Structure formats: C-alpha cells, structure tokens
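User: I have the model open and would like to know where its labels come from. Please set each value beside the rule behind it.

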Amino acid sequence: MKKRAFAILLITVLSAGMLSGCRGSDSKDDGTEKAGKKDDETVTLNVILSENEQTKDMLNYFDQFEEESGIKINYEIMAESSYMDKMMLGLSSNNQQYDVVMASPATIGTILDGGWVQSLEPYLADESLTESAWREGLSDSMLSLAVVDGERYAVPYNMGVNILYYNKAMFKEAGLDPEDPPTTLEEVLKAAKTLNAPEENKYGISFRASREGNANTFLWAMLWMICGGSWEDAEGGIDYSRIGGKEAVKAAEFFAEFHEYAPSGISSYGYEEAQLAFQQGISAMWIDTSILANGVLNSGESQVADDVGFAAFTEGHAIGSPWMFLMASRTEHPKEAWKFLQFVSGYELQMEQVKSGVQTGPVRTDVLDDPEIGKYFDEELAEAVNYALEHDPISNYFPAINEMTEIRSLLAIQIADVALGEKDAQSAVDQLWKDVEELLKREGVIE
C-alpha cells in the first residue's frame with residue numbers, strides 16, 4: 001500500500017468514525033474571562049504534559065505561541081507513569097494547579113466525573129474565539145472523544161493504534177522471515193520463544209508490565225481486544241461483566257507467557273523501558289501504540305532504526321489510543337486556554353511535527369489531506385496503521401467512569417500475580433470480576 005493511500009484512508013476513518021499552578025475560580029459559561037487581570041498584565045497558563053516524543057518536540061513551538069499570542073506557558077512535563085497521579089491531584093483541588101491538561105482514555109472518566117474540566121461548547125460556538133480554519137480541519141468524531149450529555153470537553157492531539165514493532169535483523173539471525181512477521185498472539189509467542197537468547201542479552205519481546213500507574217493494564221487491554229474482548233453488550237451498551245469473561249482469561253495468559261521471553265526486570269517496565277529495550281536491540285519485538293514509532297525510527301535515538309518492521313494484528317480489535325487536551329473548570333484564563341487548545345491541535349503545529357517525523361498520529365483531516373503527507377510516513381508503518389484503522393478500532397478501551405481508575409488498579413494486581421505464577425489466569429479473572437462487581441454495586445453503577 002502506498003503512503004498516499006494511507007493518508008486518504010485515514011481521512012475517511014477519522015471523518016466517519018471518530019509548573020506550578022495558578023489559583024482559579026469558576027469561569028463564566030459564555031467563555032468570557034472573569035475579572036481578575038489588568039489589560040497590561042501578561043497571562044501565564046499553567047500546563048502539564050505527559051512526556052513522549054511528540055510533547056517533547058512540542059516544547060520547541062512554545063516560543064512561537066508566546067510571541068504570536070502574548071500568552072506565557074509555564075509547563076511541567078513528566079513520564080506517563082508519574083504524570084497521571086500528579087495531573088489528577090492538581091485538577092481535583094479547590095484551587096486547581098493547572099489551566100490545561102492532557103488526558104488519555106485511561107483517565108478521562110475520572111476527570112469528567114469529577115467535574116474538573118469545563119465544556120468546550122461555548123468556545124466552539126463563538127466565532128470570535130474559534131478560528132474557522134481550525135474548526136474545519138477537525139472532524140466531528142475527533143471533537144467527540146470526550147462527551148457527556150452532549151457536551152464536548154476535549155480537543156484531540158494525536159491518535160494511535162496498537163501494532164507489533166519487530167527487528168528484521170534479529171528475525172533473520174534467528175532464522176525467521178523478516179518479511180513475514182507474526183500477526184496473531186500465538187505467532188508472536190512462538191516467535192518470541194525462537195528469538196529469546198538471554199545468554200546473549202537478547203530477548204523475544206518487551207512490553208508494558210509495571211503495576212506503577214497501572215501501566216500493565218494498557219498492554220492487557222490490547223491483548224484482551226486482540227482476543228476479541230470488548231465492553232459492549234448485544235445492544236451496544238456497556239457490560240462490565242465482560243472483564244471476567246473467557247477473553248479476559250486468555251489475555252491474562254498471554255500476558256504471563258510473554259514474561260517468559262522478556263528481559264529481566266520486565267515487571268518494572270513502562271513504555272519508556274520497553275521502547276528502550278527495543279531501540280537498543282535487546283528485545284526483538286515490542287507491542288505498543290503506533291504514536292511511539294518515531295522513537296525507534298530516529299537514528300539519533302535508536303540503534304535499530306534501519307531494521308524496524310511493523311505489523312498489525314489480524315484478530316479481534318485494535319485499540320485507538322488518543323491523547324487529548326482539556327481546559328480546567330476553574331481556570332481564570334479561559335480565553336487564553338482556548339487559544340492554546342487550538343494551537344496544539346492546529347494545522348501548523350501538527351503539520352510541522354509530521355514533517356519532522358515526530359508526529360505519527362495526526363488527527364486533522366487537512367493535515368492528512370495535504371498532497372505532501374505521503375513523504376513523511378514509513379510505508380510499512382502506514383500499512384500497519386491502515387489495517388488497524390480499517391478493522392473497527394475501539395477508543396473506549398476503558399469506559400469513562402470515575403471508578404475505572406480503581407478497576408484498573410484491581411486488574412493490575414491480578415495480572416501481575418498471574419505473571420509471577422502466584423495465581424492461574426482463571427482464578428485471577430474470577431477474583432477480578434468479583435471485586436469489580438462489588439465496587440460497581442457499592443458505587444451504584446450497576447444494580
């Protein structure tokens with residue numbers, strides 16, 4: 001599949017389917033800023049970012065934003081494993097520490113349920129505050145990733161899907177065909193066993209396995225959905241009992257079996273450690289989201305940049321994993337925060353990041369429709385992402401309810417116990433559903 005075809009198809013999918021704090025008080029519903037600053041004062045926005053290749057690169061554009069808008073950015077950026085707790089703590093207080101935050105599906109439920117961010121509807125409806133070109137380049141589906149009672153709360157920044165990264169040179173050395181990568185979990189497991197050579201400090205696979213920040217539950221969710229799992233019931237609603245089903249057991253089994261062919265210390269790996277092991281040629285395969293691809297294709301950071309292959313999974317569902325930006329409910333500077341949200345999701349920043357090779361998950365249709373877009377995507381990566389997007393990716397891989405953070409913590413414990421051999425997968429999943437059911441009944445989510 002040609003790179004240009006990837007751009008066209010992704011347009012169709014996205015269009016159809018888809019620091020320190022500043023003390024604040026409630027902003028007006030009409031999007032106007034409350035009194036509290038003089039006209040000659042410079043506004044400073046406090047922003048917290050989850051650290052990845054895209055957000056690190058984004059910092060290079062902050063001076064441009066400040067020069068054009070006159071708005072200063074005071075930012076914190078930290079690893080995802082510690083980011084989640086810091087971000088939610090800073091939002092949940094009466095005196096919110098941040099004006100703008102990033103969120104993924106893993107935390108969006110808690111954020112929305114807590115009332116910590118504000119609806120963007122007043123700003124979207126106000127032509128004096130919203131640039132028409134910015135709005136025209138974002139599909140309704142991309143602006144509907146976080147919706148409560150018909151109100152939209154987030155602007156998208158990027159969208160990835162889970163894929164298999166693999167080292168073609170290591171495949172060839174092990175006698176495997178580098179042009180015929182595994183595309184099912186059974187095939188990945190078989191290849192991992194063949195590739196595993198701990199005596200040479202080479203391992204079959206790396207992945208997110210740490211309980212810190214519930215990182216291991218993201219991999220489990222990928223495995224679960226590849227196995228056919230989902231939260232959806234026959235009527236299209238949410239069936240929480242699916243987390244205790246046979247697909248959940250199978251996912252836990254794969255999670256544990258992958259540990260047999262992973263580097264020592266895998267239980268402490270977040271995405272950064274798993275990616276590094278792959279970049280250094282220690283692990284031959286890596287399962288994660290496609291938005292991290294730049295880190296392994298960049299020869300300045302990756303020792304295996306010339307040997308990377310990409311493959312989509314041909315079973316079950318892919319995970320659509322967006323990162324979004326949201327405006328704090330108590331910001332004193334809503335107009336300025338709205339300008340920043342348009343900046344990070346705007347054409348100029350997204351296109352420049354695509355051209356530099358950093359942004360591998362653009363969300364804007366005008367970026368994807370650019371006639372030059374095909375120059376900037378690795379062809380095999382494009383094919384893998386294309387396939388995943390064609391086959392019904394699921395963004396709601398953890399339902400947006402406040403209790404989901406606790407549910408993920410319960411899940412993290414159980415699958416870690418399976419990986420350590422302290423429980424079998426069936427017993428762990430049975431206990432998981434028992435604990436989750438009790439939690440949901442106690443909180444009134446289910447009867």
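User: Which residues does Gln 279 touch, not counting residues up to four places away in sequence?

Analyst: Gln 279 touches Gly 295, Val 296, Glu 301, Ser 302, Gln 303 and Val 304, with those nearby places in sequence left out. Contact here means heavy atoms within 4.5 Å. This is a predicted model, in which local features need pLDDT of at least 70 and side-chain atom pairs count only at pLDDT 80 or more, while totals for chains, interfaces and linings use all residues. Residues are numbered from 1 along each chain as its sequence is written, and side-chain values use heavy atoms, with hydrogens and water left out.

User: Why does Gln 279 count as buried?

Analyst: Its relative accessibility is 7%. Buried means under 20% relative accessible area, exposed means over 50%, and partly exposed is in between (1.4 Å probe, protein chains only). Gln 279 is under the first cut-off, so it counts as buried. This residue lies in helix α12 (residues 271-279); helices are DSSP runs of H or I with at least four residues, strands are runs of E with at least two, and both are numbered from the N terminus.

User: What makes Asp 149 count as exposed?

Analyst: Asp 149 has 77% relative accessibility, which is over 50%, so it counts as exposed. You will find Asp 149 in the loop between β4 (147-148) and β5 (151-152). Asp 149 also has a positive phi of about 50 degrees although it is not a glycine.

User: And why is Asn 201 called partly exposed?

Analyst: Asn 201 comes out at 44% relative accessibility, between the two cut-offs, and therefore counts as partly exposed. Asn 201 sits in the loop between α9 and α10, and its phi is positive as well, about 60 degrees, although it is not a glycine.

User: How do you know that Ala 400 is partly exposed?

Analyst: The value for Ala 400 is 46%, which falls in the in-between range, so partly exposed is the label. Ala 400 is in the loop between α17 (379-390) and α18 (404-419). Leaving aside neighbours within four places in sequence, Ala 400 is in contact with Ile 108 and Gly 109.

User: Let's turn to helix pairs. Why are α9 and α11 called roughly parallel?

Analyst: Helix α9 (residues 185-195) and α11 pack at an angle of about 15 degrees, with their axes 11 Å apart. Axes are lines fitted to C-alpha atoms, for helices over the stretch in contact, and angles run from 0 to 180 degrees between N-to-C directions. Angles under 35 degrees count as roughly parallel, over 145 as roughly antiparallel, 65 to 115 as roughly perpendicular and the rest as oblique. At about 15 degrees, α9 and α11 are therefore roughly parallel to each other. In this pair, Leu 185, Glu 186, Val 188 and Leu 189 of α9 meet Lys 250, Phe 254, Glu 257 and Phe 258 of α11.

User: What makes α10 and α11 oblique?

Analyst: Their angle is about 120 degrees, with the axes 8 Å apart. That angle lies outside the three named ranges, so α10 and α11 are oblique to each other. The contact is made by Asn 216, Leu 219, Trp 220, Leu 223 and Trp 224 of α10 and by Glu 247, Ala 248, Ala 251, Ala 252, Phe 254, Phe 255 and Phe 258 of α11.

User: How do you know that α11 and α19 are oblique to each other?

Analyst: The axes of helix α11 (residues 246-259) and helix α19 (residues 425-442) come within 9 Å and cross at roughly 125 degrees. This angle belongs to the rest in the rule, so α11 and α19 are oblique. From α11, Ala 248, Val 249, Ala 252 and Glu 253 make the contact, and from α19, Ala 425, Gln 426 and Val 429.

User: Which residues have the most contacts inside the largest nonpolar core?

Analyst: They are Trp 220, Phe 258, Met 285, Phe 325, Trp 338 and Phe 340, in a core of 139 residues. Helix α10 (residues 215-226) gives the most to this core, with 9 residues. Such a core is a set of buried Ala, Val, Leu, Ile, Met, Phe, Trp, Tyr and Cys residues joined through side-chain atoms within 4.5 Å.
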